[in-house]
2 protein chains.
Amino acid sequence: MAEKTSYPYRVLPQDVDFTLRATVPSLVSSLLDAAGLDAGSKGFGIDKLFAEHHTWVLSRIALELDFRPLRDSPYTVSTWISDYGRVLTTRNFTLGDASGLVFGRSVTQWAMIDLRSRSAVDLSWVGADPSACIVPDRPAMDPPRKLRAFRAERQAVHRVVYSDLDFNRHVNTLRYIEMMMDQLPEDRLTDEGPLRLDLHFLKECRSGQTLTIGIGDGPGEVSFDISSDGGSTSSVRGSFSWCDPSFGTGL
Amino acid sequence: MAEKTSYPYRVLPQDVDFTLRATVPSLVSSLLDAAGLDAGSKGFGIDKLFAEHHTWVLSRIALELDFRPLRDSPYTVSTWISDYGRVLTTRNFTLGDASGLVFGRSVTQWAMIDLRSRSAVDLSWVGADPSACIVPDRPAMDPPRKLRAFRAERQAVHRVVYSDLDFNRHVNTLRYIEMMMDQLPEDRLTDEGPLRLDLHFLKECRSGQTLTIGIGDGPGEVSFDISSDGGSTSSVRGSFSWCDPSFGTGL
C-alpha cells in the first residue's frame with residue numbers, strides 16, 4: 001500500500017499579487033509539480049511515459065483555498081492517488097502551512113494519452129499493480145463539479161502566444177486560470193476569503209489560435225467557457241466561487 | 001567583507017517551453033528571488049524597507065545564457081553586490097548547473113525608492129556599512145548596455161490585466177520579458193544557443209493601461225520599446241541578441 005508524499009514549497013516574490021498573497025496559478029503550479037514528483041518516484045512519471053510515447057493529461061481539477069499564503073511563506077503540498085480506473089486516475093492534494101494547518105484541498109482527474117494518436121490509453125498499460133499506488137484515504141474535498149454550457153453575458157478574446165505554451169505547444173493550465181482571473185471584478189481579486197475553482201479541460205488550444213472567453217456572472221460564482229477560433233465547442237470550462245461557509249468542513 | 005551567497009533552484013514542469021528547457025522568465029524569477037533572499041539575510045530586504053516606506057526597484061538588467069537547463073534540472077544561483085553608490089547598487093549573479101558549470105551570468109542595477117513620493121532615495125539611508133555588503137569580485141559580465149530609441153518596424157498592443165501585476169500593482173518584470181518574447185520569430189524561440197538580454201525600466205506601467213510594444217528587427221538582435229497609453233516616452237526598453245561568440249569569455 002502506498003503512502004501520501006509531501007513536498008516543500010515557498011511563496012516566491014514573483015508568486016504574489018497585490019494582496020501580497022500567493023496567486024492561485026502559483027499554488028496550482030506547486031500542485032502540478034508535486035504530482036510530477038510523486039508519479040516519478042512511483043515509476044509512472046512523464047519521463048518514463050515519454051519513452052513509450054505516452055503522457056499524462058489533466059482532465060479536471062477542483063481546488064478549495066481557505067486562504068492564500070503570504071509572500072515568503074513556506075508551505076507543504078501532500079498528494080496521494082485515491083482511485084485508479086481504466087481511463088482516469090484521481091489524485092488528491094492538501095496544502096498545509098508551516099504550523100501544519102491545512103489551508104487548501106484539491107482533487108484532480110488525469111487521463112493518459114498516446115502522443116501519436118492523441119487518444120486516451122487504458123491505464124492498465126502502466127503495468128504497475130494499481131493497488132500499490134493507491135492510498136485508501138477519502139479525497140480531500142468533493143470531486144470536480146459538472147460544468148454545463150451557459151449563456152455568456154460578456155466575452156473577451158485572447159490570441160495564443162509563445163508564453164502561453166507548455167512543453168507540448170498547448171496552452172498551459174496556469175494560463176487558462178490567468179485568462180479567467182483577468183476577467184474577474186476587482187472585489188473578487190482582493191477577496192481573501194475562501195475560494196473554490198473547478199476546471200474541465202476538453203480540447204487542447206494551440207499556438208496561433210484566437211480564443212474566445214465567455215463569462216457568466218452568477219451569485220457568488222463566475223463561470224467561464226473558452227473556445228478556439230470561433231468554434232462552438234468548449235475547449236476549457238471553469239468556475240470560480242466564493243464564500244461558501246461549508247468549505248473545509250469536509251475534512 | 002561580504003561573501004557570495006548561493007541558493008538552490010530546480011526547473012519545474014511549468015517553467016519549460018516547447019524546447020523542454022527553462023524559459024528566460026523562469027530563470028529571471030530565480031535571480032530576483034535570490035536577490036531578495038540575499039538582501040534579507042544582510043539586513044536590507046524589502047520587508048525591513050517596507051516598514052520605512054522604502055523598496056528596491058530594478059532599474060536595469062543584463063543577462064547572458066549559454067544554454068537554458070532542461071526540465072527537472074537543479075541549478076544554483078550565486079549572487080553578490082560589487083558596487084554600492086548613492087543612487088544605484090550593482091548586484092551580480094551566476095547560474096551554475098549540477099556539475100558546477102556556469103551557464104548564465106547577470107548584472108543588475110537597483111535603486112531604492114520612497115513608496116510615498118515614488119522618488120529615489122539616497123542609498124546611504126540603508127545605514128549599513130556599504131563595504132560590509134560588497135564582494136570585491138568583478139561583475140559577472142559586461143554591465144547593461146545603453147538602449148537607445150529606434151524606429152519601430154512593427155508594433156503590438158497589450159492591455160494590462162490582473163495577472164500582469166506585481167505586489168505593487170505595476171506590471172511585473174517577468175511579464176515585460178514575456179511580452180517581448182511573444183514577438184520573437186519561431187527560429188529565435190527554438191534557438192538553443194547563447195542569448196543576451198538587456199532591459200531598462202524607465203517608468204512603471206499600471207493596471208488598465210494599454211501598452212504599445214515597438215519592435216525593431218536588426219541583424220542578430222531584436223529591440224523593444226514599450227510605452228503606455230500612446231505616450232511618446234518609453235516605459236521599458238529591451239534587447240535580445242544571439243550568437244555572439246564572445247559570450248562567456250569575460251569570465
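With which side chain does the side chain of B:Arg196 make a polar contact? In this predicted model, the partner is the side chain of B:Asp198, at 2.7 Å. B:Arg196 itself belongs to strand β7 of chain B, which covers residues 195–201. Its relative accessibility is 6%, and because buried means under 20%, B:Arg196 counts as buried.

The strand that holds B:Arg196 also leads to a wider set of paired strands. Strand β2 of chain B (residues 54–65) runs antiparallel to β7(B), and six bridges join the two. Within this pairing, B:Arg60 faces B:His200 of β7(B). β2(B) has another antiparallel partner in strand β5 of chain B (residues 102–114), to which eleven bridges join it. Here B:Glu64 is found opposite B:Arg105 of β5(B). Ten of the twelve residues of β2(B) are buried, and the strand is thus mostly covered.

Chain A offers a view of another group of strands. Strand β8 of chain A (residues 210–218) pairs with strand β6 of chain A (residues 154–159) in the antiparallel sense, over six bridges. A good residue to follow is A:Gly214, which is the bridge partner of A:Gln155. A:Gly214 also stands opposite A:Asp225 in β9(A). That strand, β9 of chain A, spans residues 221–228 and pairs with β8(A) over eight bridges, again in the antiparallel sense. Two residues lie between β8(A) and β9(A), which form a hairpin. In the turn of this hairpin, A:Gly220 has a positive phi of about 70 degrees.

The same A:Gly220 appears in the surroundings of A:Phe240. With neighbours within four places in sequence left aside, the contacts of A:Phe240 include A:Gly220, A:Glu221, A:Val222 and A:Phe224. Others among them are A:Ile177, A:Met180, A:Met181 and A:Leu184, together with A:Leu195, A:Arg196 and A:Leu197. What is the size of the largest nonpolar core, and which residues have the most contacts inside it? This core has 124 residues, and those with the most contacts inside it are A:Phe240 and B:Phe240.

Helix α1 can be examined in each chain in turn. In chain B, α1 covers residues 24–41, and at 1.5 Å a residue its 18 residues should span 26 Å. The end C-alpha atoms are 26 Å apart, so the expected and computed spans agree. Of the 18 residues of α1(B), 14 are buried, and therefore the helix is largely enclosed by the rest of the structure. Just after α1(B) comes B:Gly43, with a positive phi of about 90 degrees. In chain A, helix α1 (residues 24–41) also has 18 residues, with an expected span of 26 Å and end C-alpha atoms 26 Å apart. For α1(A), 14 of the 18 residues are buried, so the rest of the structure largely encloses this helix too. A:Gly43, just after α1(A), takes a positive phi of about 90 degrees.

How are the two chains arranged relative to each other? Chain A is superposed on chain B by a rotation of 180 degrees with 0.0 Å of shift along its axis, at an RMSD of 0.0 Å. The two copies are therefore related as by a two-fold rotation axis. Both copies use the same surface, as 100% of the contact residues of chain A recur in chain B. Among the residues of chain A, the one that comes closest to the rotation axis is A:His158, whose C-alpha lies at 5.3 Å.

Technical notes
Residues are numbered from 1 along each chain as its sequence is written. Chains are lettered from A and ligands numbered from 1 in the order in which they are written. This is a predicted model: local features need pLDDT of at least 70, side-chain atom pairs count only at pLDDT 80 or more; totals for chains, interfaces and linings use all residues. Side-chain values use heavy atoms; hydrogens and water are left out. A nonpolar core is a set of buried Ala, Val, Leu, Ile, Met, Phe, Trp, Tyr and Cys residues joined through side-chain atoms within 4.5 Å. Buried means under 20% relative accessible area, exposed over 50%, partly exposed in between (1.4 Å probe, protein chains only). Contact means heavy atoms within 4.5 Å. Helices (H or I, at least four residues) and strands (E, at least two) are DSSP runs, numbered from the N terminus. A polar contact is a pair of N or O atoms within 3.5 Å; within protein, one must be able to donate a hydrogen and the other to accept it, and residues adjacent in sequence count only if both atoms are side-chain atoms. Copies are superposed by least squares on the C-alpha atoms of residues with pLDDT of at least 70 in both. The expected span of a helix is 1.5 Å times one less than its number of residues. Two strands pair if DSSP finds at least two bridges between them.
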